[in-house]
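Here is a report on one protein model. It moves from single residues to helices, the core and the chain as a whole.

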Amino acid sequence: MTGVGRTALAVALAVVIVIAALIGYRRYTQDYTVATDDNGLAVARVVAGRLYGSSDLRVSRLSGTVQATAGSSRWWGWLKASRVVKAPYEVDYFVDLRPLDPGDFRYDAKARMLLVEVPDVTVGHPNVDEANVTVDQTSGLFVGRDAMAQMQKRVSQTATQVVAAKAREPQNIAKARENGRTALERLFAGTLSAAGLPVTVKVRFAGEPRRGDDTQWDLTRSLQEVLGQDAMGNAR
């Protein structure tokens, strides 16, 4: 390798190292460095943020109050402590509309009914509002700072797990589907009505069996065929 080639390679490696170092420093600053004011006091602020686009439609929300507990045992069991917290929570249910394409729409011209198959509802991340707890009780002869921090972490984890399990219970998933079905049927029907296509819309979630009122439909026509013909006034 010539001297020029070695120099170019060295420069390239240096650039890679600098970029990696900057990324690592930014990640460390974002996740581990405590932000302070001019006096060196820790302050509350948003350290990093990113706004994402989304095609998820929120179709339902589960809310209520969760109770979570945690315990701590130190000094070979001599120092025991426990904590109980009750806090409000919310969990959202979404339907991702991004995968929809004309193949997911089928039309029965005779019945003037449009069947739309959409992805199943997904459960969002539980949001436990620990800033507005209604009960926060800690018991124990002596509860050190480390024990308190450990129990706080366990309480948060337990509350999130309990709420997530509640949100995924079959009856709650079924209710979210029905809420989503109603919302999507109104959405699609309103859009088609505004376009001069007053049809009845039925929504079915992916993998869901057909119900008794739609098993006899003629679902051979795609949405493209429906819109193309009805726009010309050829289908009535």
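Serine 82 is partly exposed, with a relative accessible area of 32%. That value falls between the 20% limit for buried and the 50% limit for exposed. Serine 82 belongs to strand β2. The model is predicted, so local features are reported for residues with pLDDT of at least 70. Setting aside residues up to four places away in sequence, serine 82 touches Ala70, Gly71, Gln137, Thr138, Ser139 and Met151. Its C-alpha atom is separated by 7.3 Å from that of threonine 69, which is 13 residues away along the chain.

Aspartate 92 also lies in strand β2. At 16% relative accessibility, aspartate 92 counts as buried. Its side chain makes a polar contact with the side chain of arginine 61, at 2.6 Å. Beyond neighbours within four places in sequence, aspartate 92 is in contact with Arg58, Ser60, Arg61, Thr122, Val123 and Gly124.

Threonine 200 is found in strand β8. Its relative accessible area is 37%, so threonine 200 is partly exposed. Outside the residues up to four places away in sequence, threonine 200 touches Arg112, Met113 and Leu114. Threonine 200 and glycine 190 are 10 residues apart in sequence, with their C-alpha atoms 10.0 Å apart in space.

Asparagine 172 sits in helix α3. It is buried, at 16% relative accessibility. With neighbours within four places left aside, its contacts are Leu62, Tyr93, Lys166 and Ala167.

The table sets out the accessibility of these residues and of two phenylalanines taken up below.

| Residue | Relative accessible area | Class |
|---|---|---|
| Serine 82 | 32% | partly exposed |
| Aspartate 92 | 16% | buried |
| Threonine 200 | 37% | partly exposed |
| Asparagine 172 | 16% | buried |
| Phenylalanine 105 | 9% | buried |
| Phenylalanine 188 | 14% | buried |

Next, the helices. α2 has 23 residues. From its first C-alpha to its last, α2 reaches 33 Å, close to the 33 Å expected at 1.5 Å a residue. Its buried residues are Ala147, Met151, Val155, Ser156, Ala159, Val163, Ala164 and Ala167. One of them, Met151, is touched by serine 82.

α3 has 25 residues, which should span 36 Å at 1.5 Å a residue. Its end C-alpha atoms are 36 Å apart, in agreement. In α3, the buried residues are Asn172, Ile173, Ala176, Gly180, Arg181, Leu184, Glu185, Phe188 and Leu192. An α-helix has 3.6 residues a turn, so residues three or four places apart point the same way. Just after α3, glycine 196 takes a positive phi of about 85°.

How many aromatic pairs are there? The count comes to 1. The rings of phenylalanine 105 and phenylalanine 188 have centres 5.7 Å apart and planes at 90°, so the pair is edge-to-face. The angle cut-off for that class is over 60 degrees. Phenylalanine 105 lies in strand β3 (residues 105–108) and phenylalanine 188 in helix α3 (residues 170–194), so the pair ties together parts that are 83 residues apart in sequence. Phenylalanine 105 is buried at 9% relative accessible area, and phenylalanine 188 is buried at 14%.

Valine 116 contacts both rings' residues, Phe105 and Phe188. Leaving aside neighbours within four places in sequence, its other contacts are Asp104, Val201, Lys202, Val203 and Arg204.

Which residues touch the most other members of the largest nonpolar core? Of its 35 residues, they are Tyr93, Leu114, Val116 and Val201. The elements giving two or more residues to this core are β1 (56–74), β2 (79–96), β3, β4 (113–118), α2 (145–167), α3 and β8 (200–205). β2 gives the most, with 7 residues.

Finally, the whole chain. The protein chain holds 4 helices and 9 strands. From the N terminus on, the order is α-β-β-β-β-β-β-β-α-α-β-β-α. Of its 236 residues, 27% count as buried. Among contacts between residues at least 6 apart in sequence, 72% join residues at least 24 apart. The accessible surface of the protein chain comes to about 15,900 Å². Carbon and sulfur atoms account for 55% of that surface.

Note on methods
Residues numbered from 1 in each chain as written. Predicted model: local features only at pLDDT ≥ 70, side-chain atom pairs only at ≥ 80, totals over all residues. Heavy atoms only, no water. Phe/Tyr/Trp six-rings, centres within 6.5 Å; stacked < 30°, edge-to-face > 60°. Buried < 20%, exposed > 50% of the residue type's maximum accessible area, 1.4 Å probe, protein only. Core = buried A, V, L, I, M, F, W, Y, C linked by side-chain atoms within 4.5 Å. Contact = heavy atoms within 4.5 Å. Expected span 1.5 Å × (residues − 1). Areas by Shrake-Rupley, 256 points an atom, 1.4 Å probe, with all protein chains shown as cover. Polar contact = N/O pair within 3.5 Å; in protein donor to acceptor, adjacent residues only side chain to side chain.
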